[in-house]
Amino acid sequence: MTIKRLLQRISFLLVCVCLTQLVFSQTKVITGTVTDDKGAPVQGASVAVRGTKGGTTTDANGAFSLTVAASAKSIIISSVGFSQQEISITDKTSLTVALVSNSQALNDVVITGYTTVRRKDATGSMTVVSAKDFNQGVITSPDQLLANKVSGLEVTTNSGQPGSATTVRIRGNSSVRGLGNPLYVIDGIILDGRNARPSVNLGIGGFGQTPDANPLLFIDPYSILSINILKDAAATAIYGSRGANGVIEMTTRTGSSGAVKLEANASVGYNSGYMKKYDILSEGGFLSALTKYNLDTLSGTKNLNKGSSVDPMKDITWSKAIQNYDVALSGGNENGKFRASFLASSTPGLIKNNQLNKYIGSFSGSYKFLDKRLTVDFSVIDGYNTENIVLVSNTAGSQGNLISSALQWNPTASYYNADGSFTNLGNGTPNPLMLLKAYNDIANVNTVLGNISASFKILNNLVYKFQYSINQSDGVRNTNVDGFVRGLNPIDGNGLGIISAAGLTSQVFDNTLSYNTNLTPDLKFSALGGFEYWKSNFNNSSTGAQTFNFNLNELQLSTAQYTDIIQNGKTVIPPNVFKDITTEIQSYFAIADFNFKDKYFLKGTFRADGSSKFGANNKYAYFPSVGAKWNIANEDFMRDNNVFSGLSLRATWGITGSQDFPAGASIDQYSYFSYGSAGQINAGNPNLKWEQTAQYDFGLDFSLLKGRVNGTIDYYNKDKTNILFQGIVIQPAPPGATVWFNLPGHLINKGFEISVSATIVEHKDFSWDLSANFATNNNLITNFYNPGSKNPIAIYTGQINGQGVSGTLAQIITNNQPVDEFWLKPFQGFDQKGNQIIGANPQFAGNPNPKTLFGVSTTLRYKKLSLNINGGGSSGFLIYNNTATSVTNISGITSGRNIDQNAFNSAEQPSSGVGASTRFLEDGSYFKLRNASLTYSFGNIGNYLKNLNVFVSGTNLFVITGFSGFDPEVNIDKSNSGYPSSSIEYIPYPTPKSYVVGVNFAL
Amino acid sequence: MKISKYIKIFSLLILAGLIGCTKLTESYKTTIPASQAASVLTANLLLTKAYNDIPAPFVGQDEVFSLEENSTDESLVPTRGGDWDDNGVWRVIHNHTWNADHSQVLNVFNNLNSMSYDATNVLVQTFGASKEQIAEARVLRAIALYYLLDIYNQFPFRNPGDTLLNAPKVYVGSAGIDFIISELTTALPDLDPANGKTKISQDATKVLLMRCYLNRGAYANRATPTFSDADMQQVITLGNSIITGGKYSYMANYFGNFNFSNSGSSEAIFIYPSSSGLTVNNPGMQARWMMGYHYNEYDGQAPNAGWNGFSTTSDFYNSFSLGGTTNYSFNDTVIDSRIGRRVSSDATLTANSGIRAGFMIGQQVDQNNVNLKDRKGNPLAFDPNIAPTMIETGTNLEVTGIRVTKYVPDFSNAGGSYYSSNPGNSLMFMRYPEVVLMVAEAYMRESAPDNASALALVNGLRSARGASTLASLPLGPSPNANSLVDDPNSLLAERGRELYWESFRRTDLIRFGVFLTLWQYKPTDDPKYLLFPIPNQSLGVNPNLTQNPGY
């Protein structure tokens, strides 16, 4: 359509609108008060005449006054957290409305995928979690709010360290490559998903890669109003080539009309030890092990009984106050609203010295101009966090990390010599307290997210909106290992300092035009078209040195760190700079929505994505979706039924994509290398394109007993094709060269999801709400062959680390198996001498992906006291215990290392070889009590203090599991050549149990 | 007029939307797209890259070294309790039960091919390489191809500028060795005669050509090699041109070829250089001694002085016993200095540790001659006897096996970097005695053997090593010898004594027809193990590769 023709049509419509406005000539004034179901006034509820925009909002006393046309029949009153109500105003000028709190929020308006829909009209499979249903307790990043809250959503914290990355999977493990994390969208802004905390791989000293940071740390969890989890293609296809792993949309709180309000939260708490301990020998057990294995005969310095008694797992922990303060100011009138908030928090980890401090300020506003035709919204978030990281790496080799040193430390050995220096046992296990003191690793990351948008009502039903946002994140990290560490070659006597920096910039520019109309009195139609441009840059650099002149003796330490005087280092580690190729994505999209009599809904979406990453032969990708919904409850034949207050059926289909491969993969690239050289680095594939997921979904939503029971059941089938795959480059090829292909195989995830919530008891003084969710998933790779061949592709991943198992891989990605199926040699027991017998050939050994996920939460209220409990878990999967294989195995006892109880109890003797096998596969099923909170609501006190609550909350209170490690909810990154692993445990940062007490109120 | 104002604003906004459109071309920072590479990069940079590919396959203990040495009587890695099982990778190499999924078989294939690729890239015309640069690149590539042929009997080959998405053609067996010879012959005259030992020189090219000619008969038929006079004559001519060139002479200190200052060795023909304490260009040779040393070998670094792995067999050690005993002591006067142990000393080494270069048997001491202990407090005394299964479970599991110091730890940096990450030892890639031994062998392999000339060369070498001169020396082991491969009285044994742990042994045993005979800790064998398999992973993507028979 040419612009001219478009303008002609718009002009015509404008004329029509002007004519209709003439009709509203006579008016009347409606006044009233809005309260909640307990009679307390509701501030900021919106009041509007049906079918019109505009309207007003209630003040602090819940009062409103609205001028309406004399012909107006009814007004609609809505407020977040309450069911919307339509009240007849025929013959009325004054009313009192009591809103009903609605835990299901079925009638909420949800902002999703560039548009706004009524929750009950949504055709796609989407779960909305609002703030009052979030997990509570110690929360450092928004994704933790959701654990076990949504059927089919698996949120796995990769480490017990506060602020560490999480693995988030929606509807199963859908990636053979990359993280497979969903796309994060905050207030309509698509985030990059990476973060600017520099990653450090301490290859020097063999410590390995430290775990990644969470990319969402800059978002204040208290400022989130609600989170949408988009699951099926009808919901996600509008995000096109990035929607295939599901989408998580976060909406932050905004100001509301009325007097300026201050809300405050404050809490203080502490970690109270391990959620679950790893069962190693105590001092007494260690001594009996020495006797059992005839090791009690050594004398002098070789005597393994050092005569002392310590508990290293306890001695590496500390108890320091967890503190959280959050203040928000908001207010506004009908022409403008603002909200400002500030969060300061300090979250010490369970392990000594480990701490995450966050400072987040945000300011947002929304102002209307030109007779409210123009709305300008803006927001700025600035999150600064500083982290003191401890040495708990994922891929530590034979020297291990802090956790392995504590597990292995001889429990009869004192940490200190008589002169105060650290004991060095000389058995390859570093002194854990020495590691704590010598390792100093501080990362500071500053992230700014700025956003401005203007939406202009060209006509009352035609709105143009543009939005620009920039997300800039910069991180600096100083890593020091003091030269006084003993026995850790080559740091021992030399020291190591590394300064690294990272930067991430992403920008989004959107234009949308939306239109809605009634095509016939019964058929409503709305449409949206848009253009989006997205650009992202990432860089990471490091420089370091070794061989320093100071901090080489723990008794003569200076306060300076190596990274403060790096020029003192005699040996310079060659600097390393990585700058990602700029990624640009340019998209065109459209949405069309039909609603016939609120009974039949049809929605179609379409997106065309062009990406600079795609190969020259495939620059653009197209992603359609279609969804239909039949709202049976609105049918005439359902009118008189007393059972269902809501019942609807959904069916959707659509295609989404994933472009989770590095920029530049489509063309041949060269690079300069150290030592004055240059060469080719990859094999470019000009045919490279997106990974495509076709998904269908059938859903049933129901509401029983006047809304006291609500539920949703879905069946889904996701079929991923054109699988993005870092292939085997055909030799001869550049060293370490990668090549990316799209393979014709299928990765299928299918399953059921059920979620039910019920108000079991509802009484003035007592109420009991219970909600539960359950999901199954079946994950399978099929037709996974090399192009033009019938040989199944086999990719090995899942590194097993430690002494004696170098180079062992425990998982396989291949045809007719789930992703990351365990591939291990069979364990066949022990021979007569107590040596373990391991079969010669590896075999398929089990699935690391949970077959079922479940979550449950309940709220009990007695008068003003309420108890909220959230928990959940997963089952039907195996975990490989790499800690037991190579850290606490029996052979350690001969050199005076501590071993685990299982090894001690077994028939194994210390001469037994170390090896990876099915012996260390354990059932991972678990149930975890994530948090429980007891809250006393004082309500309003006096004229000023409003909504005062005092609470005590516990996090990770217990776990029920057969798994012997610290936490069955484990995903240590053991990827190999970029292929991810699943469910391997290796000397992780243990999960703490913690308690906080707090207060919140408004002024 | 209200409406027209809206239309104007609306048009402006639409315009703003259109400005965002982009052509979606990628902008590069760290990397250079192929289309720009020709104008930005110089051939010199690409050639340096090809040189820098040498350490990957040739330095690590788990690369070419492992396939060429652990598969023979010279080296093995017993599993010691919790150490060195590594999924059995080491034992299967020594006892000939490896398969096509073996990680070292894969890594060596990939690393050698990468060297071949980077060298080929120098030949892409648009980079404008000089005649000299092209010649160096061709020889570097030929080195990679030679080892591929030696190990796998085939190598894939790309022409300069070929797309990496296509499966390249493959040279097999004799066609492969003929191609390598033609490459080397073409390159030879273009090389600057002034090139030193860290560059591809005419002499280095000649050494590789000699290896090709000497082994051509074996590569044509590894089960029963035959040798043509023409090939042997080539070996003699090329070798004599190096010998008479007079550039090289025997080192008085045999282990001076392998210590931190070995870049100054008078025997060195081609080395990959290194400098003490510098990370620049350092190939990390410390693996070559740490792989064998006990944790407590050097008390200054205990328990991280070594990885307590690699050993040699007692049969190989006994092949030094030419008509006598290996039980050498400090008091012996005439002794083969290559056996090292108590007889060799290195001032820097002795001042800092009790380590003596060469074979390490019995009680180990520190720099003050105080006896060292193992981690359990038992004497650190290396015992030649290894468990037949190569899986040690006894109380002496830390000390079984004779250890070897071929490369000598770098203690030159008294400041404390010792032998850790940045030792000064260069990788000794080609060494003069190999030339002498190849010429001697060629004399003996002619249809009319010239044993006298051969013996003169061998005795010259033996004298330089402090070993007794011989009255005669047969070519191969006597069929009556106890252990065929380790009969001390043969030219094969002399090669072992001179070149042990320098990655020649497997090729030698095949050429001498004894690779399939049984030796210590290898109870059975099968002819298929004359070749390593093509890695399954590589076979899956290049249909032009054919798996070697039996795999």
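Author: A salt bridge is a side-chain nitrogen of Lys or Arg within 4 Å of a carboxyl oxygen of Asp or Glu. The model is predicted, so local features need pLDDT of at least 70 and side-chain atom pairs 80 or more, while totals for chains, interfaces and linings use all residues. Residues count from 1 along each chain as written, chains are lettered from A and ligands numbered from 1 in written order, and side-chain values use heavy atoms, without hydrogens or water.

Reader: How many salt bridges cross the interface of chain A and chain B?

Author: Eleven residue pairs are in polar contact there, both at pLDDT 80 or more (N or O atoms within 3.5 Å, one able to donate a hydrogen, the other to accept it; sequence neighbours count only through side-chain atoms). For salt bridges across the interface of chain A and chain B, the count is zero.

Reader: Which three residues supply 11% of the area that chain A buries against chain B?

Author: The two chains bury about 7,300 Å² (accessible area lost on being put together, 1.4 Å probe, summed over both). Carbon and sulfur atoms hold 60% of it. On chain A, the top three are A:Tyr670, A:Ile730 and A:Pro732.

Reader: What is the bridge partner of A:Gln669 in β1(B)?

Author: Strand β33 (residues 669–673) of chain A pairs antiparallel with strand β1 (residues 31–33) of chain B, over three bridges. The partner of A:Gln669 is B:Pro33.

Reader: Is B:Ser75 buried or exposed?

Author: B:Ser75 lies in the loop between α5 (64–70) and β2 (79–80) of chain B. Its side chain makes a polar contact of 2.6 Å with that of B:Asn70. The relative accessible area of B:Ser75 is 0%, so the residue (cut-off: under 20%, 1.4 Å probe, protein chains only) is buried.

Conventions: Helix = DSSP H or I, 4+ residues; strand = E, 2+ residues; numbered from the N terminus. Buried < 20%, exposed > 50% of the residue type's maximum accessible area, 1.4 Å probe, protein only. Pairing = 2+ DSSP bridges.
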